[in-house]
Amino acid sequence: MSFEIRACSDLSAFDLARFLNANNLSFNNLDWFSPNDRFKEPGCFAVIKDQQVKALLAATTECPLAAWLRFFYAERDGEHRQYFKALMSQAKSVLEDMGVQSLFSLAPYDWMERLLSGAGFNPTDRIITLQRDSSEICHTEPEQELIIREMTARDLVAIEAVDSAAFEPAWQLNQASLVKTYHLSAWHSVAILEGEIVGYQMSTTAFDSAHLARLAVDPRWQRRGVGHGLVQDMLETFSAIGVKSFSVNTQASNVHSLSLYHSFCFEREDREILVMSLDL
C-alpha cells in the first residue's frame with residue numbers, strides 16, 4: 001500500500017479543512033454536525049500520501065449499538081475505491097472494538113452505492129420527502145388532557161428518553177445530537193400527558209418554508225393524538241408568521257408516520273435516498 005491511514009485527530013485542522021474545501025469527490029450524511037465537528041471522534045481517518053491528505057472518512061456512533069458513515073471525501077485521482085476500502089477497514093475495526101453492531105449509510109449517488117455494495121453493505125430502507133404547500137389547517141380538538149408547550153433546555157433529559165423509546169438504534173439521536181438540534185431549530189415543542197413528557201417535535205425554517213426535522217412519541221402513549229397534536233402545533237406556529245411551504249423526511253417503511261403526514265395533506269415527492277447497512 002503506497003499510502004498510510006492516520007486518525008484525523010492527529011492531523012492539522014488547517015490541512016483537513018483545506019482538503020474539505022477543495023474540489024474533491026464528496027459524500028456527506030444528513031448530519032447536524034459539520035465534518036470539522038467530527039474530526040476528533042473515534043472512527044474518523046485520513047489517507048496520507050506523499051505527506052498530503054488524499055481522502056477522509058468518518059464512521060461514528062450515534063448510540064452504543066449503531067453508527068453512521070458521516071462523510072467520505074477523496075481526491076479525484078482515480079484511487080477513491082482503494083482509499084474507501086482502506087479507510088472503511090480502519091473505521092470498522094474501531095467500531096467493532098466499541099461494541100457497535102451495525103453501520104449505516106445513505107447512498108444518494110450511484111458511485112456511493114457502488115462503494116458501499118463493494119464493502120458488503122446491503123439496502124435497508126429509503127428516506128423519502130413529503131411536501132405540503134398550504135397554510136390552511138383543519139383544526140381538530142386534541143385529547144382533553146394533552147398539553148402542548150414550547151420545549152426548554154431543561155426538557156432535554158426527558159426528550160432523550162422519549163427518543164430512545166420511539167426509535168430503533170439506527171434512527172435514535174444521542175444527547176449531543178439532540179442538544180444540537182434543539183439549538184438549531186426555529187420551533188420546538190413537547191407533548192405532555194398525565195404530567196409526563198410523552199413526545200416532542202423540532203423544526204427548522206429557511207426563508208418562507210419550514211421543515212419538520214424531528215418528531216417522536218413514546219410508544220406507550222401512541223394512539224392518543226400526541227403526534228397529531230405536535231404536527232398541528234408546528235403547522236399553526238409557522239402559518240401564523242406567513243409560512244406556506246412545509247416538508248418532512250421519513251423512512252419509506254414507517255407506515256405510521258406516513259399515515260400521520262398524509263392526514264395533514266403532505267404529499268410524497270419523487271426523490272428518495274437509499275439507506276444501506278452493514279452488520280459488524
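Are Phe-72 and Phe-84 buried or exposed in this predicted model? Both Phe-72 and Phe-84 are buried, and the views below begin with the aromatic pairs before turning to a charged residue and a pocket.

**View 1. Phe-39 and Phe-71 make an edge-to-face aromatic pair.** A search of the whole structure finds eight aromatic pairs, and one of them is formed by Phe-39 and Phe-71, whose ring centres are 6.1 Å apart and whose planes stand at 90° to each other. The pair links distant parts of the chain, since Phe-39 lies in the loop between α2 (35-38) and β3 (44-49) while Phe-71 belongs to strand β5 (residues 66-74), 32 residues apart. Phe-39 is buried, and Phe-71 is buried as well. With Tyr-73 added, Phe-39 and Phe-71 form one aromatic cluster.

**View 2. Phe-72 and Phe-84 make an edge-to-face aromatic pair.** Here the distance from centre to centre is 5.1 Å, and the angle between the planes of Phe-72 and Phe-84 is 80°. This pair, too, links distant parts of the chain, with Phe-72 in strand β5 and Phe-84 in helix α3 (residues 80-97), 12 residues apart. As the opening question brought out, Phe-72 and Phe-84 are both buried.

**View 3. Asp-163 is a buried residue of helix α5.** Helix α5 spans residues 156-166 and contains Asp-163, which counts as buried because its relative accessible area is 0%, where the cut-off for buried is under 20%. When neighbours within four places in sequence are left aside, the residues in contact with Asp-163 are Trp-171, Gln-172, Leu-173, Leu-178, Tyr-200, Arg-214 and Ala-216. Arg-214, one of these contacts of Asp-163, also has its charged end over the ring of Phe-167, at 4.2 Å from the ring centre.

**View 4. The second largest pocket has residues of α1 and β4 in its lining.** The volume of the second largest pocket is about 220 Å³, and the residues that line this pocket are Arg-6, Leu-11, Ser-12, Asp-15, Arg-18, Phe-19, Ala-22, Ile-48, Gln-51, Gln-52 and Val-53. At least two residues of the lining come from each of α1 (13-20) and β4 (52-63), and α1 gives the most, with three residues. Sorted by character, the lining of the second largest pocket divides into five nonpolar, three polar and three charged residues.

Technical notes
Residues are numbered from 1 along each chain as its sequence is written. This is a predicted model: local features need pLDDT of at least 70, side-chain atom pairs count only at pLDDT 80 or more; totals for chains, interfaces and linings use all residues. Side-chain values use heavy atoms; hydrogens and water are left out. Rings of Phe, Tyr and Trp (its six-membered ring) pair if their centres lie within 6.5 Å; planes under 30 degrees apart count as stacked, over 60 as edge-to-face and the rest as tilted. Helices (H or I, at least four residues) and strands (E, at least two) are DSSP runs, numbered from the N terminus. Buried means under 20% relative accessible area, exposed over 50%, partly exposed in between (1.4 Å probe, protein chains only). A charge sits over a ring if NZ of Lys or CZ of Arg is within 6 Å of the ring centre and within 35 degrees of the ring normal. Contact means heavy atoms within 4.5 Å. On a 1 Å grid over the protein atoms alone, a cavity is a set of points where a 1.4 Å probe fits but cannot get out, and a pocket is an open set with protein on both sides within 12 Å along at least five of seven lines; lining residues have an atom within 4 Å of a point. Grid points are joined across faces, edges and corners, and a volume is the space filled by probe spheres set on the points. Ala, Val, Leu, Ile, Met, Phe, Trp, Tyr, Cys and Pro count as nonpolar, Asp, Glu, Lys and Arg as charged, and the others, Gly among them, as polar.
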